[in-house]
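Trainee: I have a model open and some time to go through it. Can we work from the overall layout down to single residues?

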Amino acid sequence: MRAEQPRRHLLGVDDLTRDDAYRILDTARALERSLDREVKKLPTLRGRLVLNLFYESSTRTLSSFELAAKRLSADTMTLRASGSSVDKGESLRDTALTLAAYDPDVIVIRHPHIGAPHFVAAATQALVVNAGDGKHQHPTQALLDLFTIREALGRLEDVRVAIVGDVLHSRVARSLVEGLRLVGASPLVVAPPTLVPRGIEGMGCEVSHRIDAIGDADVVYVLRMQQERMAAAYVPSLREYTSLYGITPERVRPGQVVMHPGPMNRGVEIDPRVADSGASLITTQVRAGLVVRMAVLYDLLTAPGLHVAQPVLEVA
Ligand code: NCD
C-alpha cells in the first residue's frame, strides 16, 4: 500500500514555492494554446469533481473556476450562500461535511471569514483552493496577475508594480505583494495612510502616500475601494479620494500598463479613459484567470503519486 502523502492545498501564496509558481504559470501558458482551438475541452480531469462553495458574491472568480473545471472535463457543482446569513461556526462545518459525502476532489471556497478555507481543508478529504477569505488571501488572483504581467512584459524579475488604493481591505493586495516577492519583482504600495495595513513593509514592499510615486512603476495595479468592508470612514469622501489617488490619463506615463482585479468602480479609483485605453490589461487579466485556474486545478490533481498515476497534459 502506498504511504499516505500530505494533501496539497492552495490556501495562500505561502503554500507555493518559486518553482511551484513558475510551473503553474508555464502550465497556464501551455493551456492557453488550447483556447485557440475550435474544440476547447481537454480530457485531463475526466471523472473528477470540483465543488465551488461561494459565500460571497463573485463574477470573475466563480465563472472562471466553473469554466476551468469544465474545460478540463471535470464535473462541477456550485453552491452559493449569501454572505450575511452565514456564520462561520457550525453551519460551515455542516455544509462542508454534507458536501464531503459526494467525495469532491477539489473544493474551491470563497468566504467572508479569514481562515474558512483552512477550516474546510481540515474538515474534509478534498483539496481546497482559497478563492478569497475576507481580507486575507486570494492566491489564484495573484497567480493570474503574475501570469498577465509576465506575458505582457516578458519577465517578472525586477518588475516594479505600484499597488494603488484600498490595500487595507484587500486580499488581492496581500496575495499579490507575496506573489511578487516570490518571483523577484518589486511591489510598492501607494495609498492614504488610513488604507495601508500596519506592518505591510514587513512583507517586503515599499510604501508611499504620494500618488506621484507611481511614476517609477512598470505596472500600475489599481484596487477597488472596498466599501462593503469599511465599517468606518477611511477617507473624507470618495470625491477627495478620486482627486488625490484616482488613476487618470494624466497620471499614467507612456509605457506603463494598468491592471485592476475587478469589479471596477469607474470614476472612483480608475478613470474610464484609463480602463478602456491601450495601456489597460484588465480584459487580459480575465482571460488569464481562466487558464491559470485550469493550471491550478491540473497542478493540484496531478501531483506526482498523489491522485493520478499518469498525468497527461494533452495540449497539441
Ligand atoms: C476581488 C476580490 O473579490 O477580492 N475580485 C476578484 O476576485 N476579481 C477584488 C475586489 O472585490 O475588489
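The exchange below covers domains, empty spaces, a helix pair and backbone details.

Trainee: This is a predicted model. Which domains does the assignment give?

Mentor: It is a predicted model, yes. The domain assignment splits the protein chain in two parts, and one of them is written as two segments. The answer is domain 1 (13-136 + 286-314) and domain 2 (139-282).

Trainee: How many residues does each of domain 1 and domain 2 bring to their contact?

Mentor: Start with the spacing: the centres of domain 1 and domain 2, taken over C-alpha atoms, are 25 Å apart. Contact here means heavy atoms within 4.5 Å. On that basis the contact takes 32 residues from domain 1 and 28 residues from domain 2.

Trainee: Where does the largest pocket lie with respect to domain 1 and domain 2?

Mentor: Its volume is about 540 Å³. Look at who lines the largest pocket: domain 1 and domain 2 both give residues, so the pocket lies between them.

Trainee: Which residues are closest to the centre of the largest pocket?

Mentor: The lining of the largest pocket has 29 residues. They divide into eight nonpolar, 13 polar and eight charged. Closest to the centre are Arg60, Arg110, Arg224, Gly262 and Pro263.

Trainee: Which helix supplies the largest share of the lining of the largest pocket?

Mentor: Four helices each supply at least two residues: helix 2 (60-71), helix 5, helix 6 (171-182) and helix 9. The largest share is five residues, and it comes from helix 9.

Trainee: At what angle do helix 5 and helix 9 pack?

Mentor: Helix 5 spans residues 139-153 and helix 9 spans residues 282-301. Their axes are 8 Å apart. The crossing is right-handed. The packing angle is about 120°.

Trainee: How do the residues of the contact of helix 5 with helix 9 divide into nonpolar, polar and charged?

Mentor: Helix 5 contributes Thr140, Gln141, Leu143, Leu144, Asp145, Phe147 and Thr148 to the contact. Helix 9 contributes Thr284, Gln285, Ala288, Gly289, Val291, Val292, Arg293 and Val296. The split is seven nonpolar, six polar and two charged.

Trainee: Which helix gives the most to the lining of the largest cavity?

Mentor: The count comes to one cavity of 30 Å³ or more, and the space in the largest cavity is about 30 Å³. Helix 5 and helix 6 each supply at least two residues of the lining. Three residues come from the helix that gives the most, helix 5.

Trainee: How many residues in the lining of the largest cavity are charged?

Mentor: The lining consists of Val13, Leu16, Ala21, Ala142, Leu143, Leu146, Gly179 and Leu182. Domain 1 and domain 2 both give residues to it, so this cavity also lies between them. Seven of the lining residues are nonpolar and one is polar. The number of charged residues is therefore read directly from the names, with Gly counted as polar: no charged residues.

Trainee: Is the peptide bond from Gly262 to Pro263 cis or trans?

Mentor: Most peptide bonds are trans. Pro263 sits in the loop between strand 9 (257-259) and helix 8 (272-275). Omega for the bond from Gly262 to Pro263 is near -5°, and the bond is cis.

Trainee: What is the phi of Asp103 near?

Mentor: Most residues other than glycine have a negative phi. Asp103 is in the loop between helix 3 (90-100) and strand 3 (106-111). Its phi is positive, near 55°.

Terms used: Residues are numbered from 1 along each chain as its sequence is written. This is a predicted model: local features need pLDDT of at least 70, side-chain atom pairs count only at pLDDT 80 or more; totals for chains, interfaces and linings use all residues. Side-chain values use heavy atoms; hydrogens and water are left out. Axes are lines fitted to C-alpha atoms, for helices over the stretch in contact, and angles run from 0 to 180 degrees between N-to-C directions. A crossing is left-handed if the near helix is turned anticlockwise from the far one by less than a right angle, and right-handed if clockwise. On a 1 Å grid over the protein atoms alone, a cavity is a set of points where a 1.4 Å probe fits but cannot get out, and a pocket is an open set with protein on both sides within 12 Å along at least five of seven lines; lining residues have an atom within 4 Å of a point. Grid points are joined across faces, edges and corners, and a volume is the space filled by probe spheres set on the points. Domain bounds come from an automatic or database domain assignment.
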